[in-house]
Amino acid sequence: MMNSLPLAAAALLLASVAAQAQTMQVSPNGARASIAGSAETFTGTVTVTPLFTASEHSNAGGGLVEFTPGARSHWHTHPAGQTLIVTAGTGWVQEVGGEKVAIRPGDVVWTPPGVKHWHGATAESSMSHIAITPVHDGSAVTWLEPVTDEQYR
Ligand code: MN
């Protein structure tokens, strides 16, 4: 009976319950459904696979984004910045007013809050990256206009 437990035993029981709420979690590859990148936010064929969402412990969400050759995001900004980790292929990133920069597997790209930019594949190669994006006031991204073919080439 709960009432008859000595305090130390009760404390151990509570500690055990708390520990159980903190067990490791493995989300198997393939368990999170991939979705097609919306034409309202991407040009070309893009596949987005959710990896993790913001939680009480971390305010960033993560996703794998796969771009086919020629595919790219629209121009956009992130209210709390974004980190990209390139996992495959060759891509381009560009911030407004700057040149396109080639990115390759293992490259890590930091975009500061509010900097207008885009990322995507090159014209000839696919590119995949993991995007880690903090949420600020419920938003992780502000989408803007498409990257035109003139801007892309
Ligand atoms: Mn971005």
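Reader: Let's start with T41. In which loop does T41 lie, between β1 and which strand?

Author: This is a predicted model, so keep that in mind as we go. Look just past β1 in the chain, and you'll find T41 in the loop that leads on to the next strand, at 42–43. That strand is β2.

Reader: Does T41 count as buried or exposed?

Author: Sitting in a loop doesn't settle it, so check the number: T41 has 13% relative accessibility. The cut-off for buried is under 20%. With 13%, T41 therefore counts as buried.

Reader: Which residues is T41 in contact with, leaving aside its neighbours within four places in sequence?

Author: One of them comes from far along the chain: W143 is 102 residues away in sequence, yet the two C-alpha atoms are 6.6 Å apart. The full set of these contacts is S73, H74 and W143.

Reader: What share of the contacts between residues at least 6 apart in sequence join residues at least 24 apart?

Author: T41 and W143, 102 residues apart in sequence, give you a feel for such long-range pairs. Across the chain, taking contacts between residues at least 6 apart, the share that joins residues at least 24 apart is 68%.

Reader: How many strands does the chain have?

Author: The chain is 153 residues long, and 31% of them count as buried. Its regular elements include two helices. Alongside those helices, the count of strands is 13.

Reader: In the open sheet of six strands, what is the order?

Author: Start from the ends: β1 (35–36) and β10 (108–111) are the edge strands, each pairing on one side only. The pairing throughout this sheet is antiparallel. Reading across, the order is β1-β3-β4-β12-β7-β10.

Reader: In β3, which residue is the bridge partner of I35?

Author: β1 and β3 (residues 46–52) run antiparallel and share two bridges. One bridge matches A36 with T47. The bridge partner of I35 is V48.

Reader: How many bridges pair β3 with β4?

Author: One of the matches here sets P50 against G63 in β4. The two strands pair in the antiparallel sense, and the number of bridges is six.

Reader: Which residue in β12 stands opposite V65?

Author: β4 and β12 run antiparallel, joined by eight bridges. On the β12 side, the residue opposite V65 is H129.

Reader: And which residue in β12 stands opposite L84?

Author: This time the neighbour is β7 (residues 82–89), which runs antiparallel to β12 and is joined to it by six bridges. Across from L84 you'll find A131.

Reader: Why is β12 said to be largely enclosed by the rest of the structure?

Author: The reason is a count of buried residues in β12, which has eight residues in total. A residue is buried when its relative accessible area is under 20%. β12 is largely enclosed because the number of its residues that are buried is six.

Reader: How many residues of β11 are buried?

Author: β11 (residues 117–121) pairs antiparallel with β8 (residues 91–95) over five bridges, and G91 stands opposite A121 there. β11 is mostly covered, and its buried residues number five of five.

Reader: Which strand gives the largest share of the lining of the largest pocket?

Author: This pocket has a volume of about 410 Å³, and V48, V65, Q82, A131 and T133 are the closest to its centre among 21 lining residues. β3, β4 (60–67) and β12 (127–134) each supply at least two residues of the lining. The largest share, five residues, comes from β4.

Reader: How many charged residues are in the lining of the largest pocket?

Author: Sort the lining by class and you get 11 nonpolar and 10 polar residues. For charged residues, the count is none.

Reader: How many charged residues are in the lining of the second largest pocket?

Author: About 320 Å³ of space lies in this pocket, and its lining includes A21, L51, F52, E56 and H57. By class, three lining residues are nonpolar and seven are polar. The charged count is one.

Reader: Is D137 buried or exposed?

Author: D137 lies in the loop between β12 and β13 (142–143), and its phi is near 50°, a positive value in a residue other than glycine. The cut-off for exposed is over 50%. At 74% relative accessibility, D137 therefore counts as exposed.

Technical notes
Residues numbered from 1 in each chain as written. Predicted model: local features only at pLDDT ≥ 70, side-chain atom pairs only at ≥ 80, totals over all residues. Heavy atoms only, no water. Helix = DSSP H or I, 4+ residues; strand = E, 2+ residues; numbered from the N terminus. Buried < 20%, exposed > 50% of the residue type's maximum accessible area, 1.4 Å probe, protein only. Contact = heavy atoms within 4.5 Å. Pairing = 2+ DSSP bridges. 1 Å grid on protein atoms, 1.4 Å probe; cavity = no way out; pocket = protein on both sides within 12 Å on 5 of 7 lines; lining within 4 Å. Points joined across faces, edges and corners; volume = space filled by probe spheres on them. Nonpolar A, V, L, I, M, F, W, Y, C, P; charged D, E, K, R; others polar.
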